[in-house]
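Here is a walk through one protein model, a stop at a time. Keep the viewer open and follow along.

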Amino acid sequence: MRKTVKKALALILLLSLAVPLVSGCAGGGALKLQSGFTGDENFYLDRPYALDADQVAPTKDEFKRAEEYLTQNILESAESGSLAFDFAVDGAYFSEVFTTYEKSLETTADDDTRTDYTLIYTKAGEPLTVTVYATLYKTLPVIEWTVWLENTGGANSGVITEFNGLNLTVDEADAGTEYNLTTFAGSRMNLSAFKPNYQVMEPGKAVSISGAAGKPSAYWAPYYNLQWQEKGAEWNKAGMLFSVGWSGQWSAKLERTDAGVQMEAGQERFASYLEPGEQMSMDEMLKSVVVSSANDCATALAALRHLEAHPEL
């Protein structure tokens, strides 16, 4: 009798798991995930069921956007006035004074898969030399950069705080356009691991995510997608996927402002000085930026996974 009851319960459980799958994937239409955009129920699925190879393939516009983004915010930031990172020394922000520094830019490698750049900021009388190593990938619409600080003076530097590998404003969308943020839960070996969370960025309301107890992905995964509607783009969408490479107590903050979406990401509660000859970095603080204009978050995630699986690219 007990065996019969157990078999019946097992059958009921199996059916309860199978029915949603059948109803969503067999003739009844694709499963739908809410995007947060008004009137848009197919955030991932603007096509039947799943991505195919052609839909994952980068577009010319995506490569163009990636290169323009790197040029404006890293390579020619002094000319544009837009700096993709920031830090403070004794309370004074580098973003407020970096245009007064001498800048040197060198292309250190260039082949069919990537172009590497080294950008150095120096200033007479200032002990800190700022070096940025940046890469523009040619097989994927991805850029990455790492910021190094070195004390080349004869005395200790001031106290360095708020060292953010990412600090910029995204203002791509037209005025009045919604910005949609996708974050991902971390993993504590439960059923909700890496669950996507969707929300519309509300003006004046900040969104903060971070590591927990020194673990980078216990509560939040260290990547997030910002997307907006754009007329003329395929599927009328554009966006960027950001990945934080710091493997410790990282933090990120995003806030919708009149200028767009202000974003910053770095090591949480950092404060230190450098002795003469010492250097430090937010090594791979911003691992990559995937610029996805013709596709969506699923495509950007696929590109990021491909890059991580093939770092030689």
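## Phe194 and Asp90: two loop residues

Phe194 sits in the loop that runs between strand 8 (179-185) and strand 9 (196-200). Its backbone is worth a look: phi is positive, about 60 degrees, even though Phe194 is not a glycine. Keep in mind that this is a predicted model. With a relative accessibility of 40%, Phe194 counts as partly exposed, because that label covers values from 20% up to 50%.

Asp90 is another non-glycine residue with a positive phi, here near 50 degrees. You'll find Asp90 in the loop between strand 1 (86-89) and strand 2 (92-93). Is Asp90 buried or exposed? Its relative accessibility is 60%, so Asp90 counts as exposed, the cut-off for that being over 50%.

## The whole chain

Stepping back, the protein is built with five helices and 17 strands. It has 313 residues, and 43% of them count as buried. About 16,200 Å² of the protein is exposed, with carbon and sulfur atoms supplying 53% of that area.

How much of the contact list comes from residues 24 or more positions apart? Among contacts with a separation of 6 or more, such pairs account for 63%.

## Helix 3 and the core

Helix 3 covers residues 60-75, which makes 16 residues. From first C-alpha to last it reaches 21 Å, close to the 22 Å expected at 1.5 Å a residue. Several of its residues are buried, among them Glu62, Arg65, Ala66, Tyr69 and Leu70. Further along helix 3, Asn73, Ile74 and Leu75 are buried too. A bit of helix geometry helps when reading such a list. An α-helix has 3.6 residues a turn, so residues three or four places apart point the same way.

Ile74 also belongs to the largest nonpolar core, a set of 50 residues. Which members of that core touch the most other members? They are Ile74, Phe85, Trp145, Tyr224 and Met263. Setting aside residues up to four places away in sequence, Ile74 touches Tyr69, Ala84, Phe85, Leu119, Tyr121, Val132, Ala134 and Trp145.

## Aromatic rings

Phe85 and Tyr121, both touched by Ile74, turn up again in an aromatic cluster. The other members of that cluster are Phe87, Phe94, Phe98, Tyr101, Phe163 and Phe270. Across the structure there are eleven aromatic pairs. If you want to look at the pairs one by one, a pair of aromatic rings is described by the distance of the centres and the angle of the planes.

## Thr129 and Tyr137 on strand 5

Strand 5 spans residues 128-137, and Thr129 is part of it. Its relative accessible area is 13%, so Thr129 is buried, the limit being under 20%. What does the side chain of Thr129 make a polar contact with? The partner is the side chain of Thr152, at 3.3 Å. Beyond its neighbours within four places in sequence, Thr129 is in contact with Ile120, Tyr121, Thr122, Trp148, Leu149, Glu150 and Thr152.

Tyr137 is found in strand 5 as well. With a relative accessible area of 6%, Tyr137 is buried. The side chains of Tyr137 and Glu144 are joined by a polar contact of 3.4 Å. Thr115 is 22 residues from Tyr137 in sequence, yet their C-alpha atoms are 6.5 Å apart in space.

Notes
Residues numbered from 1 in each chain as written. Predicted model: local features only at pLDDT ≥ 70, side-chain atom pairs only at ≥ 80, totals over all residues. Heavy atoms only, no water. Helix = DSSP H or I, 4+ residues; strand = E, 2+ residues; numbered from the N terminus. Buried < 20%, exposed > 50% of the residue type's maximum accessible area, 1.4 Å probe, protein only. Contact = heavy atoms within 4.5 Å. Areas by Shrake-Rupley, 256 points an atom, 1.4 Å probe, with all protein chains shown as cover. Core = buried A, V, L, I, M, F, W, Y, C linked by side-chain atoms within 4.5 Å. Expected span 1.5 Å × (residues − 1). Phe/Tyr/Trp six-rings, centres within 6.5 Å; stacked < 30°, edge-to-face > 60°. Polar contact = N/O pair within 3.5 Å; in protein donor to acceptor, adjacent residues only side chain to side chain.
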